[in-house]
Amino acid sequence: MNSTCPYCGVGCGVTVNGGAIAGDAAHPANFGKLCVKGSALAQTLDDSARLTTPIIGGASASWDDALNLVAQRFSEAIAQYGPESVAIYGSGQFLTEDYYVANKLMKGFIGAANIDTNSRLCMASTVAGHTRAFGEDVVPGCYEDIDEADLLVFVGANAAWCHPVLFERAQAARIARGAKIVVIDPRHTATAALADLHLPIRPEGDVALFQRLLAALCERGKLDNGFIAAHTSGFAETLAAAHDDAETGLDPAALQTFLNWFCDTERTVTLFSQGVNQSACGSDKVNAITNVHLATGRIGRPGMGPFSLTGQPNAMGGREVGGLANQLAAHLRFETESDRALLRDFWNAPRLAEKPGLKAVDMFDAVLNGRIKAIWIAATNPAESLPRASRVRAALEACPFVAVSDCWPTATTHLANVVLPAAGWGEKDGTVTNSERRISRQRPFRAAPGMARPDWWIFTEVAHRMGFQEAFSYASPADIFREHAALSGFRNQGARLFNIAPLAAMTDEEYDALLPVQWPLNRKRLFAEGGFPTPDGKARFVPVTAPAPAKRDASFPFTMNTGRLRDQWHMMTRTGFVPSLMTSADEANFEISPADAAQLGVVEGDLLRVTTRHGRSVLPAAITKAQRPGEIFAAMHWTSAHSGAGNVNQLTGPLCDKLSGQPALKHERAAVEGLQAAWHGILQSRAGTMPHGQFHAARVPVAGGMHRLRLSGWKPLPRDAALSDWAARLCGADADDERVEFYDSARKIYRLGIFRHFRLVACLFIAPARPALPDGAALSALFAAPVQQANRAAILRGKIGDSGPRDRVVCVCHNVTERAITGAIKAQRLASVAAIGAACKAGTNCGSCKGELAQLLTQLTSELVS
Ligand code: SF4
């Protein structure tokens, strides 16, 4: 069985044989490779925590009752307050068929465009930038361009972690043809560690850099004047706006090297991702990049072009069906009356929405202020993932009706009046589109648990109950795909490049067997000879202005950047429950530069309290030279389900790009305070309750269905009996459980075991410093066997080894720790990533950790030299 990975926009093909999941050697996105997340997919197929029945008001219900209630409450709100009073908030995890039905229901038949998706947080600025420049949201190139380029420029993209399989292709191009890699990023990421040149740009300095590049291309006579004259408009105004002295914050020599390389290398691909998109000037950044490619004619030819790396597996499919509030469907546009008429006719939808709806941030503001009376959230967890997450929670608490479709319980399902159990990856049937416009099948290979159903079916059933049976008479995803394909070709005389009309004739069998295919059909690349889908057929240069560096804000002097980790996906509802994926980073932290840490009096193991205008969180400090002074970084994955005091997304605010509505998640003003850790703890239990209080707590899953918490407190512990009661509560002890305590006064280590019948159900160790706490293996050993009453005190009093200095797994595939790698580098004087692989196997399977191996090499080399 062939399918596709459900995580990032690379869209790797997988094969499924029984319980084994491997890379699909025939899939053109990955040719058999998978990154560390894709390699662990089989371990995510655990149904124990799944939602398996519809739930109304906290009690199990039938599908009929749940669907009737959603249809009734939506219909009532529409009847009383109009179609603008309801909303749908979806997800880039939808398959194209799910997206198509949800969008058709909202825009075509409810008659308002209040449908948006978490893709708004991911690539809305690229959609806006592409549309401004090309006339349509089109990625001009393909993955083969990475293989064929001589210069690969990664802008705001930590591809070694977030798009690892593609980054492996970039590395291969470097080896095969000597391609150079440039990374433009304020942080020295794993991607930067593997680059030929890292430009640690000031936050929001990208427009300034590409302005300077455009000016340099002109000065050095590197423009393609023929292409500019024949296929573009607006060049003179754009060049006039491009100043060659815009502030980038870069070292002049490094800047010159970049300008030289770009000016002198025809085969250049510029790849960009969230560092470009998640910005208050994200659309301008996209256009600053497309401007230099249009000016040099480096577009749509082998090894050349601007290339957006999408975050989610089907962000592109969502764009094709118009899943965003400001799009129609099939790349049709609200702004054009003939497009609205076309869609009205095709869907036979006289009530089709006439204007764009509310974008994500505005949508939840409208929920809070009462304009939205009923909202349906599907396949996403906005109560944890949207900026100002606590405000989103307040909005949902205040909303008269909230329906949520999802696979797992989340902070958002807890706020729902109705929960609808959705089928997940491996159970769903449909298509996704990856970053290079390639449509691939996602095929089911297992039954959905309990009563869970696919999203397209749930939307269709509610549409029927709202009176729209005829327009939603789908019996299968193939029916929906055929309609989607037919719409793309309807009255399309070449005005829209998104045209997959020939696929509308597929039989069910042909749909089942569909091989990965790019659109427009059989075209890898676009625009080498012009042919832009604009009224005059020309691309548009967009004059952009570089924003001035932010003024110092004495109350919030730091800039907070958020992003992803290598082994986690979004809010960790899947990856956060796979023990091996938690071994490289088992807790969130705030990364801070050594200079700032010293200024704050913070050492490794201490905590940082970060305050923004929107919230406050506490996490351990991770002191790293990768961070520029004045800036901090936090991974966006940790929610209240995994972190006690450190929900990162409650810190980010509502500032958005004006054109795209995409939140500026990488640029929040923050105040940072150091908190000395008064104590540290480690707790292992069978229950896994997540505590929240005046201490840091991070939860990881442990083999055997247990959970382990790392704890650090900045307030003194309670004393004596109060300590015992507090610790027992933390362990989730019942009144009937037996507590066994031991205090090692010499080493100031408190130990507590909670016994239920003959079993240890929880144990807690607290010490003044982390190295004095036991390691995970020692803790798990305590739970291994039933414990007779007489032995209970003994197991806590016995010798339990210290964990010593912190270690972490760098190479998950081969379980190689940082200590083992640094030991090998020092002992064998290793000087390359390949040599490390030969010595200890790290980085020799999926390759996702090569960036960290390069970082360790750089760090140790400088230590050995100094
Ligand atoms: Fe999945 Fe992306 Fe990794 Fe490929 S690179 S295996 S699509 S997470």
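Mentor: Before we start, two strands count as paired if DSSP finds at least two bridges between them. Keep in mind, too, that this model is predicted.

Trainee: Okay, which residue in strand 14 stands opposite Tyr89?

Mentor: Tyr89 belongs to strand 6, on one of its two covered sides along with Ala87. Strand 6 is joined to strand 14 (residues 374–378) by four bridges, and the two run parallel. With the at-least-two rule in mind, that makes them a pair. Across from Tyr89 in strand 14 you'll find Ile377.

Trainee: How many residues of strand 6 are buried?

Mentor: Take one face at a time: Val86, Ile88 and Gly90 are on one side, with Ala87 and Tyr89 on the other, and all are buried. The strand is therefore largely enclosed by the rest of the structure. For strand 6 (residues 86–90), the count is five of the five.

Trainee: What is the handedness of the crossover from strand 6 to strand 7?

Mentor: Strand 6 also pairs with strand 7 (residues 115–117), parallel and over three bridges, and Ile88 faces Ile115 there. To get from strand 6 to strand 7, the chain passes through helix 3 (residues 96–110). That β-α-β crossover is right-handed.

Trainee: Let's move to the open sheet. Which strands stand at its edges?

Mentor: This sheet has five strands, paired in parallel in the order 10-9-8-12-13. An edge strand has a single partner, so one side of it has no neighbour in the sheet. Those are strand 10 (197–199) and strand 13 (305–308).

Trainee: And which helix packs on the sheet, touching strand 8?

Mentor: Strand 8 (residues 151–155) is joined to strand 12 (residues 268–272) by five bridges, with Phe154 opposite Leu271. The helix that packs here touches strands 8, 9, 10 and 12, and its direction makes about 120 degrees with that of strand 10. Its residues are 252–264, and it is helix 12.

Trainee: How many residues of helix 4 are buried?

Mentor: Ala124, Val127, His130 and Phe134 are among the buried ones. The cover over them includes strand 12, helix 14 (282–295) and strand 20 (539–540). Helix 4 is largely enclosed, because the number buried is ten of its eleven residues.

Trainee: What phi does Gly135 take?

Mentor: Helix 4 covers residues 124–134, and Gly135 comes just after it. Its phi is positive, at about 90 degrees.

Trainee: Is Glu168 buried or exposed?

Mentor: Glu168 is found in helix 7 (residues 164–177). Leaving out residues up to four places away in sequence, Glu168 touches Lys33, Cys846, Gly847 and Lys850. The relative accessible area of Glu168 is 14%. The cut-off is under 20%, so Glu168 counts as buried.

Trainee: Last one: which residue has its backbone oxygen 2.6 Å from a polar atom of the side chain of Gln211?

Mentor: Gln211 is found in helix 9 (residues 206–219) and is buried, at 4% relative accessibility. Although 332 residues separate Gln211 from Pro543 along the chain, their C-alpha atoms are 9.5 Å apart. Residues that Gln211 touches include Ala241, His243 and Thr545. The backbone oxygen you asked about belongs to Val544.

Notes: Residues numbered from 1 in each chain as written. Predicted model: local features only at pLDDT ≥ 70, side-chain atom pairs only at ≥ 80, totals over all residues. Heavy atoms only, no water. Contact = heavy atoms within 4.5 Å. Axes fitted to C-alpha atoms, helices over the stretch in contact; angles between N-to-C directions. Buried < 20%, exposed > 50% of the residue type's maximum accessible area, 1.4 Å probe, protein only. Right-handed = clockwise from strand over helix to strand, strands pointing away. Polar contact = N/O pair within 3.5 Å; in protein donor to acceptor, adjacent residues only side chain to side chain.
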